[in-house]
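Q: Please take a close look at the aromatic rings in this model. I would like one connected account of how they are arranged, with enough context to judge it.

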Amino acid sequence: MNHLSPYHDFTARLKLLISKNPHLITTTLSNIFTMRLIGNKTHGDLAEIAIAEFINQFMYDFKSVHVGKDLYRAKEREEDIKIINEITKAEFPVSLKAYGDGPLQLSTDKHFQMFPKLKTLGTLIEGKALAQVWADPVFAEFGSMNILPLIYDEKKQRCNILVFNSETARKRVSRIALEEVGYGRKHPVFRFHDSDGDYVCEVRYGSGTANALQRGLWTNTKNGLKYFESVTNGWIDYSHNLVLVILTCSYCNQQGARGCLGTTQG
């Protein structure tokens, strides 16, 4: 019997597909990260569209809908695409993250609740006090986050799809400690460690008026690697698709010219 959650069933199937047809994901990821040549933020937007279409074209038992644009700012939970298992009819949201190898934001803290909640429990949380963390609604979804991180190493031109196993991470957290400003940090953080003393993740400080990127739940694809599974079976090399860059720039210029002509003639 399959006891995997709908999301983990999906990632297992995705990993199987990639192992049999690695060229498919290599082409898709190459096109996504090529967009960084046009603008540092454009690859994230393209990733939502590209991965949604990848699922629709190559994963025949699944259907994907790009909802990020429709729900932008209004959404309460982080969701970029919705995936439907055509066999079981299970539907689940997925948050896509396109980040460089290193710090990775797992979720934002829109209402600035995570850090203050941990602070009420003290500077060192362990033992029975951990149960209070997991029982609090603020951390209710910690073990069931559907996050698909597309990780890239631009200098080495390689990429990886690393899925954070939040369920395992939650079970293995044995200590949460406050680390004050210093050692390169401008703000304090609460760091989560397992029984081996290894890094799991962290909750970053950020006031309610601060940018969401400055707060929330973070991890690190280098320091917390033991809690990630590679869907691409490790790092894969990618190359820039310069034809895509030329076509994109050419299309933008043509559209701009037509817009100008339309305005002039109107």
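**Aromatic rings and their setting**

A: Arginine 204 places its charged end over the ring of tryptophan 218, at 3.8 Å from the ring centre. This is a predicted model, and the distances and angles here are computed from it. Tryptophan 235 also has a charge over its ring: the charged end of arginine 158 is 4.2 Å from the centre.

Turning to contacts between rings, the protein has 15 aromatic pairs when ring centres within 6.5 Å are taken as paired. One of them joins phenylalanine 10 and phenylalanine 92, with 6.2 Å from centre to centre and 55 degrees between the planes, so the pair falls in the tilted class, neither under 30 degrees nor over 60. This pair connects distant parts of the chain, since phenylalanine 10 belongs to helix H1 (residues 6–20) and phenylalanine 92 to strand E3 (residues 91–100), 82 residues apart. Phenylalanine 10 and phenylalanine 92 are both buried. They also belong to a cluster: ring pairs link Phe10 and Phe92 with Tyr7 and Phe62.

Another tilted pair is made by tryptophan 134 and phenylalanine 142, with centres 5.0 Å apart and planes at 50 degrees. Tryptophan 134 has a relative accessibility of 13% and therefore counts as buried, the limit being under 20%. Phenylalanine 142 is buried as well, with a relative accessible area of 3%.

Phenylalanine 112 stands in another setting. It lies in the loop between strand E4 (103–107) and helix H5 (114–119). Its relative accessibility of 22% is not under 20%, so phenylalanine 112 counts as partly exposed. Its backbone has a positive phi of about 50 degrees, although the residue is not a glycine. Asparagine 233, which is not aromatic, gives a parallel case: its phi is near 60 degrees, again positive in a residue other than glycine. Asparagine 233 sits in the loop between strand E12 (228–230) and strand E13 (236–237), and at 47% relative accessibility it counts as partly exposed.

Some context for the whole protein follows. The protein has eight helices and 13 strands. Of its 266 residues, 43% are buried. Among contacts between residues at least 6 apart in sequence, 60% join residues at least 24 apart. The accessible surface comes to about 14500 Å², and carbon and sulfur atoms account for 53% of it.

Helix H2 (residues 22–34) offers a check on geometry: its 13 residues should span 18 Å at 1.5 Å a residue, and its end C-alpha atoms are 18 Å apart, which agrees. The buried residues of H2 include Phe33 alongside Leu24, Ile25, Leu29 and Ile32. Thr28, Ser30 and Thr34 are also among the buried residues of H2.

How far to rely on the coordinates depends on the region. The mean pLDDT of the protein is 84, and 79% of the residues reach 70 or more. Among the elements, strand E5 (residues 124–126) has the highest mean pLDDT, 97, and helix H8 (residues 242–265) the lowest, 50. Over residues 255–266 the pLDDT is below 50, and this stretch has zero contacts in the model beyond near neighbours in sequence.

Technical notes
Residues are numbered from 1 along each chain as its sequence is written. This is a predicted model: local features need pLDDT of at least 70, side-chain atom pairs count only at pLDDT 80 or more; totals for chains, interfaces and linings use all residues. Side-chain values use heavy atoms; hydrogens and water are left out. pLDDT is the predictor's confidence in each residue, from 0 to 100. Helices (H or I, at least four residues) and strands (E, at least two) are DSSP runs, numbered from the N terminus. Contact means heavy atoms within 4.5 Å. Buried means under 20% relative accessible area, exposed over 50%, partly exposed in between (1.4 Å probe, protein chains only). Accessible areas come from the Shrake-Rupley method with a 1.4 Å probe; for residues, only the protein chains shown count as cover. The expected span of a helix is 1.5 Å times one less than its number of residues. Rings of Phe, Tyr and Trp (its six-membered ring) pair if their centres lie within 6.5 Å; planes under 30 degrees apart count as stacked, over 60 as edge-to-face and the rest as tilted. A charge sits over a ring if NZ of Lys or CZ of Arg is within 6 Å of the ring centre and within 35 degrees of the ring normal.
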